[in-house]
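Colleague: I am new to reading structures, and I would like to look closely at a single part rather than skim the whole chain. Please pick one strand and walk me through its surroundings slowly.

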Amino acid sequence: MDPKIELLAPGGDIDAIKAAIIAGADAVYCGLDTFNARNRAANISFEELVGIIRLAHQYQCEIFLTLNIVILENEFKTLAKLLSRLVNTTLDGVIVQDIGMFHLLKKHFPTLDIHASTQLTTHNAGQIPFLKKLGASRVNLSRELNLREITALTATGRDNDITTEVFVHGSLCIAFSGLCYSTSASVGNSGNRGRCSQACREEYETTESGHNFPLNIKDNSAFFDLPALIEAGVHSFKVEGRIKGASYVHTVIDSFRKQIDGFLKTGELLEDGERLYKVFNRDLTNSFLKGDLNQSMFIDNPRDNSKNHLKDKLTHNGSQSISVVQIHDAEQTLQQEKSQIQASVNDKIKHLSIEKLPLTLAFSGQLGQPLLITVTTQDFVVGQTQLVDKSFTVQSRSQLTSSDDASIDDSAIEKRFKSLHNAEFDLKPLVTDDLAAGLSIPFKELTTLKKQVLLQLNHGTAVLPVVELPKLAKHPKPQDETPKLSILICDEADIALADNTDADIYFKLPDAYKRGCTKYVDLFKLNPRLIPWFPSVLIGKDYDAALNILEKVLPPLIVTNNTGIANRAYELGIKWIAGPFLNTTNSYALLAMQEQFDCHGAFISNEINQQQIKHIARPANFKMMYSIYHPILLMASRQCFFQQSVGCEKPRIDNGCMLSCDKSTSITNLKGDEFAIDKQKAGYPSIYNQDQFLNTEIIDDLAHLFDGFMIDLTNIGAGDKPSPDKLQLIKQFELLLNGQSNAANTLDGMVAQSTVLQYHNGL
């Protein structure tokens with residue numbers, strides 16, 4: 001394990017990447033215009049990426065490429081072509097969310113280093129070996145974790161030879177990353193596809209507690225917590241900000257560079273952090289890291305808070321009453337400083353070039369001599385800012401012979417060598433002045449010479465061929481088998497529903513426990529028909545409690561939305577099904593889970609549409625499931641939604657809040673859309689769409705693909721709305737699955753507010 005502390009910078013465009021490099025970043029993460037989770041960033045082209053890698057390596061800086069979205073079935077051919085190009089660069093790593101992409105990389109592109117994205121919500125010790133087995137060398141830990149939890153997971157990382165990175169500065173999502181569907185559910189702008197519309201930053205109707213931006217939290221900053229993170233063993237300190245400009249990136253990275261270097265040299269923090277307030281910020285907080293989730297994390301200003309910080313500083317310095325003139329002068333000074341920062345950064349990066357390297361090929365040879373190719377180009381030397389000239393010669397094994405019919409004229413040479421005009425090299429007109437006319441050499445030797453040239457240009461590394469993905473076999477489910485109904489419950493009183501149906505009964509376990517795990521062990525032992533359903537987020541002792549249930553009950557089958565539980569189930573030989581919140585959207589994800597973790601089935605993501613679903617290839621002996629009726633989760637959070645909506649007497653969240661609070665309320669945006677805020681006992685605060693998801697269309701469209709359809713009868717997210725009669729719901733869904741299409745109309749009448757928009761929109 002490399003003990004070196006890495007400062008990892010964001011790069012949304014070329015200038016920002018250059019600014020990060022010149023400011024002293026150890027690595028920069030950036031995205032192309034496809035397959036990355038920041039579509040709003042300017043992003044870069046493949047040719048620009050190649051130049052950026054070369055520039056960064058001159059400054060001993062690494063480049064990581066973000067491929068951190070879920071992948072659709074029809075995108076894998078395009079993705080394979082991109083990866084085939086990436087493996088022939090000196091890219092230092094790729095950042096990945098999709099389990100199917102992990103499988104593709106590990107199987108077909110093993111030379112690419114894989115980092116697990118924050119979108120994978122990595123927060124417990126079981127997830128790290130899961131990701132390691134998928135091929136990850138590094139995991140980006142969830143932003144909600146506190147220092148004690150980070151320390152424990154970093155130790156788990158060491159045990160599994162996997163490094164950890166932690167966000168130390170920049171915007172915070174109030175929702176668990178990878179589990180936010182706030183804009184996907186309404187307009188198809190999914191955070192899992194890099195198109196988040198930031199509903200959490202929107203203005204809402206004034207809440208009961210007097211707030212207009214009730215979901216907006218301050219930016220994260222661990223600027224003064226670096227010693228604790230170093231002590232915790234964190235390898236990489238990551239700054240968020242791929243939609244920020246060069247001046248922001250340079251200021252933040254330069255500040256952190258000085259803070260880290262100063263601490264390592266003196267053992268003290270020497271920087272005061274004031275420069276961080278001169279660029280965009282929503283004020284700064286380290287409350288997640290401290291484990292102190294309090295009301296001060298929120299701010300009723302989603303825009304730049306620099307001016308407000310300046311006013312607060314003036315007041316704090318003794319000015320009881322600040323005059324309009326003082327405020328104006330201070331704001332003018334701040335604006336001048338911002339302009340000076342921008343001008344200074346522009347001046348520092350203007351000489352940094354990512355242009356293609358010039359490449360000249362000179363061919364020479366006489367009758368009876370070998371064919372010579374003299375190659376002239378430029379290259380970089382680590383630590384030198386100027387490129388150096390590079391020249392070498394290759395020669396054929398055979399000698400040139402006389403031939404008028406098959407001579408190697410200019411057109412023949414150009415045909416063989418024109419591909420050297422590529423993303424890295426600007427091939428100049430071929431030079432053949434010293435090559436005698438009417439001479440010939442076996443054309444396969446020209447190909448061999450080209451390979452020799454490429455090998456030397458590529459610093460001795462052979463160019464890998466393009467990977468052609470084999471067509472995946474589609475294994476049908478057993479013929480004439482009607483999809484089976486399954487039911488999700490979370491109330492012991494609803495166990496009686498099983499008396500009236502042969503449906504599978506899933507019992508949803510809570511997010512948090514205390515001593516309650518013993519209760520659930522007894523529940524499953526007394527009711528062996530219940531199939532445990534594990535939630536998405538299980539942190540610290542809650543994960544330990546969930547493991548205890550799994551290990552004590554040893555059920556024949558579980559459904560899990562948490563990969564840590566999936567990993568342990570695999571180790572115990574327990575059959576498991578991937579839940580809908582594992583965001584499964586493609587065949588390669590199914591293969592990865594089946595081949596590496598003996599997964600027996602998966603719920604296909606509710607974010608994708610009919611066309612996107614129908615192309616998924618089912619592996620052999622694998623079940624495909626789909627939830628057709630459920631509350632639409634928009635986001636779940638470790639933070640409290642009630643503090644800013646209806647208010648709360650507690651200034652901060654504690655264990656009691658998590659276990660005992662069961663409030664519900666709603667917030668309304670300025671368009672008049674109402675969203676339910678729901679907090680179940682032992683559950684995370686969550687926000688739900690006003691409509692239930694009800695998809696009866698899929699039964700006509702795609703019933704032949706699915707082994708089972710689930711209905712959620714937990715009442716979670718319903719708030720004060722009356723719920724339909726559960727027995728009648730079960731009856732109507734069973735009728736529907738048995739071919740009685742008129743049951744769909746009955747269901748529409750029973751569910752007052754419903755939508756199937758996600759199934760129509762897709763990703």
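Modeller: Happy to; I will start with a strand and its partners, then move on to some other parts of the chain.

Before we begin, a word about what is on the screen. This is a predicted model, in which local features need pLDDT of at least 70, side-chain atom pairs count only at pLDDT 80 or more, and totals for chains, interfaces and linings use all residues. Residues are numbered from 1 along each chain as its sequence is written, and side-chain values use heavy atoms, with hydrogens and water left out.

Please find strand E7, residues 163-170. The labels come from DSSP runs numbered from the N terminus: helices (H or I) have at least four residues and strands (E) at least two. All 8 of the 8 residues in E7 are buried, where buried means under 20% relative accessible area, exposed means over 50% and partly exposed lies in between, using a 1.4 Å probe and protein chains only.

Now look at the partners of E7. Two strands count as paired if DSSP finds at least two bridges between them. With strand E6 (residues 136-140), E7 pairs in the parallel sense over 3 bridges, and Arg138 has Thr163 of E7 as its bridge partner. Strand E9 (residues 236-239) also runs parallel to E7, joined by 4 bridges; there Phe167 is partnered by Lys238. Strand E8 (residues 219-221) runs antiparallel to E7, with 2 bridges, and His169 stands opposite Ser221 of E8. As you trace these strands, keep in mind that in a regular strand the side chains alternate between the two faces of the sheet.

Next, follow the chain to Ser190, in the loop between helix H7 (184-187) and E8. Ser190 counts as buried because its relative accessibility is 0%. Its side chain reaches the backbone nitrogen of Asn192 at 2.9 Å. That fits the rule for a polar contact: a pair of N or O atoms within 3.5 Å, where within protein one must be able to donate a hydrogen and the other to accept it, and residues adjacent in sequence count only if both atoms are side-chain atoms. Neighbours within four places in sequence aside, Ser190 is in contact with Ser184, Arg195, Cys196, Glu607 and Leu763, where contact means heavy atoms within 4.5 Å.

For a helix to set beside the strand, go to H1, residues 14-23, which is mostly covered, with 8 of its 10 residues buried. Among the buried residues are Ile14, Ile17 and Ile21. An α-helix has 3.6 residues a turn, so residues three or four places apart point the same way. The buried residues of H1 pack against strands E1 (6-11) and E2 (27-30) and helices H2 (46-58), H9 and H12 (324-349). Asp13 caps the N-terminal end of H1, with a side-chain oxygen 3.3 Å from the backbone nitrogen of Asp15. After H1 comes Gly24, whose phi is positive, near 105°.

To finish, here is a loop residue to find for yourself: Asp283 sits between helix H9 (246-266) and strand E10 (284-285). Its phi is near 70°, a positive value in a residue other than glycine.
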